[in-house]
Amino acid sequence: MKKIFILFIFTGAFFVSCNNDLLEPFTPGSLTEDVAITASSDLQRVMNSTYGLLANREDIIFSSVFTDEVGIGFANGGQGISDNYVFFLNTSSFSPTEIWNSSYYALSRANRVIAFSDKVTPVSPADAALISRLKAEALVVRALCHIKLLSYFSPDPKSNDALAAVLANKIILSTDAGLPRSKNGEFYTSIHSDLDAALIIFNSLTTSPYTGAAVTLYPNKNLAKALKARAYALKGDYVNAETWANDVITTSGIVLANDSNYNSIFHTDSEPANTEVIFRLKRTIQQSAQATNLGNGYASVTTTITGSPFYEIGRSLYNILDANPTDVRRSAIVHPSSIADPNYATSADYRNTDKLIIGKHRGSGSVGNLNSDFKIVRLSEMYFIKAEARVAAGDLPGAAIAIKAILDKRFPEAQVLPVYTSATDAWKAILNQRRLEFAFEGYRFIDLKRLGVLAGVGIDRNPADYSSSSANYPAANPTNLPLTSSKFALPVPQDELNANPGIQQNPGY
């Protein structure tokens, strides 16, 4: 059975038919999958295009705007004001549609690499190793996409019986109509099966073609282990989460960034080798465009006060950062051109007197302003997972030790060991530290969904972001979205509802 295969390497999607009736119009020599993917170089091109599809910024921007990371910028032209910033979501909303579609586009490519890696005949032992490595990379990417879909679309990621999304652990054909959403349990089984399979391959390979900075650009066994820790933490299985987090911490050879090199991770994408970053999506000058640059999700021109910011740092977040001026995360996030109004709470023109500029995703002249690498997994996440696991085990001092390990690297001097008086106190401290550590990296929405109830913490917007006369937006209460809201599970997009009669919608939409 031939399948018509139309491949756009850098944009677009796969269009595949398995209906023999549709083969008649095509002449002999048509480009089919069996012809298009016959060598490791073909697999490499498909895998490269998969990475390009992963670099979709919408989940990062959505997480910032929908929660409490941003306030409306003085140069805002309407961005977010009528939807994410005021907690408005429906089946036609842009953000859920982008998160859903980009994940499935990437899955479509990854699935083809996995399937065809077993059909391509290697021409040498080195070629066989490359094919195996590409399959392992695709398996990790497939797990990463499934984790994202489950995180955003499942109403309860801790329940095996709650619905996740459509499980795409194979090539989905146009004839596969009416696919229902799978349960979380099926998703977790697939995620760990893929990661375990990838680890077997990675462990069987004696050498890696990637050295230096390139190590962080491609999935490897460190990323596979880190994603297992992330998936187990999302499930609330902290025994396994801690096991894998500890494995990464102790065997990866990667160390936490310190106060002298932390900013290089974000401002120049040039941190020292084996420091902090486990996996990133590299951006090049050829990829620099306003529609896709990460920083362009927050500003139009540059991350400066003259760079036309749509969004600024939310006042609550800024107040926490400003209270600890030697915390390197403040200088990573707050651009020095910012103008902070000491009387912001009573300012009649708050939007124009208090200008708190997001400086984290700056880009550079060599790759384009606002065109920064996407940091997908960092080592600090493993320490936070370890801290969560210690709280879940009733070991509050152990949680404090894990948090101190991070804080000691974020300040120029060693920090006092935290003391937590209760589990709720510890969960709150962890959530608050994750807020600072991962600001503007796409974590906050999922963190509140995972940990908010345990910590007794919800969306934390400063009233100034709503209440001044120059910030008159269509929602009066900055905390009007309780953690029990159905909106912490995104709606299945209308595009999917139209095309898939077997899909189930989330409650509340």
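## Close-up views of a predicted model

**View 1. Glu441 sits in the loop between α15 (423-437) and α16 (444-455).** Like every view here, this one comes from a predicted model. Is Glu441 buried or exposed? Glu441 counts as buried because its relative accessibility is 8%, and the cut-off for that label is under 20%. Setting aside residues up to four places away in sequence, Glu441 touches Ile60, Phe266, Lys360, Lys375 and Arg378. Among these partners, Ile60 is also one of the buried residues of helix α3, the topic of the next view.

**View 2. Helix α3 (residues 58-66) is mostly covered.** How many of the residues of α3 are buried? The count is nine of its nine residues. The list runs through Glu58, Asp59, Ile60, Ile61, Phe62, Ser63, Ser64, Val65 and Phe66. Which elements cover them? The cover includes the helices α4 (94-117), α5 (125-153) and α16, along with the strands β3 (70-72), β5 (311-313) and β8 (374-378). Helix α16 also flanks the loop that holds Glu441, so you may like to look at this view together with View 1.

**View 3. Helix α10 (residues 315-322) has buried residues at Arg315, Ser316, Leu317, Tyr318 and Leu321.** A general point about helices helps in reading this list: an α-helix has 3.6 residues a turn, so residues three or four places apart point the same way. Around the buried residues of α10, the cover includes β5, α11 (328-333) and α12 (350-353). Also included are α15 and α17 (464-467). Strand β5 appears in the cover of α3 too.

**View 4. Gly307 and Ser308 both belong to the loop between β4 (277-281) and β5.** Gly307 is buried, with a relative accessible area of 0%. Ser308 is partly exposed, because its relative accessible area is 29%. What is notable about the backbone of Ser308? Ser308 has a positive phi of about 60°, although it is not a glycine. Apart from residues up to four places away in sequence, Gly307 touches Ala299, Ser300, Val301 and Thr302. For a sense of distance, Gly307 and Glu276 are 31 residues apart along the chain, and their C-alpha atoms are separated by 29 Å.

**View 5. Leu370 has a positive phi, near 70°, in a residue other than glycine.** Where is Leu370? Its place is in the loop between β7 (368-369) and β8. Leu370 is buried, with a relative accessible area of 0%. Strand β8, on one side of this loop, is also among the elements that cover the buried residues of α3.

**View 6. Pro336 is found in the loop between α11 and α12.** Is Pro336 buried or exposed? Pro336 is exposed, because its relative accessible area is 68%, and that label applies over 50%. Pro336 and Gly359 are 23 residues apart in sequence, while their C-alpha atoms are 8.1 Å apart in space. Both helices flanking this loop, α11 and α12, are among the elements covering the buried residues of α10.

**View 7. Gln504 lies in the segment after α18 (494-499).** Gln504 is partly exposed, with a relative accessible area of 28%. Gln504 and Pro180 are 324 residues apart in sequence, yet 6.6 Å apart in space, C-alpha to C-alpha. Which residues does Gln504 contact, leaving aside neighbours within four places in sequence? They are Leu163, Pro180, Arg181 and Val492.

**View 8. Residues 92-232 carry a UniProt annotation, "domain: SusD-like N-terminal", from an unreviewed entry.** Over this stretch the chain is 61% helix and 0% strand. The end C-alpha atoms of the stretch are 31 Å apart.

**View 9. The whole chain, with 18 helices and eight strands, sets the close-ups in context.** With 509 residues, a compact globule would have a radius of gyration near 23 Å, and the chain agrees at 23 Å. The C-alpha trace spans about 75 × 50 × 45 Å along its principal axes. Of the residues, 58% count as buried. Among contacts between residues at least 6 apart in sequence, 72% join residues at least 24 apart. The chain exposes about 19,700 Å², with carbon and sulfur atoms supplying 55% of it. Finally, the mean positions of the 45 positive and 47 negative charges are 2 Å apart.

Conventions
Residues numbered from 1 in each chain as written. Predicted model: local features only at pLDDT ≥ 70, side-chain atom pairs only at ≥ 80, totals over all residues. Heavy atoms only, no water. Helix = DSSP H or I, 4+ residues; strand = E, 2+ residues; numbered from the N terminus. Rg over C-alpha atoms; globule rule 2.2 N^0.38 Å. Buried < 20%, exposed > 50% of the residue type's maximum accessible area, 1.4 Å probe, protein only. Contact = heavy atoms within 4.5 Å. Areas by Shrake-Rupley, 256 points an atom, 1.4 Å probe, with all protein chains shown as cover. Lys, Arg positive; Asp, Glu negative; His and termini not counted. Charge placed at Lys NZ, Arg CZ, Asp CG, Glu CD. UniProt positions renumbered as here; feature names shortened; annotations may be inferred.
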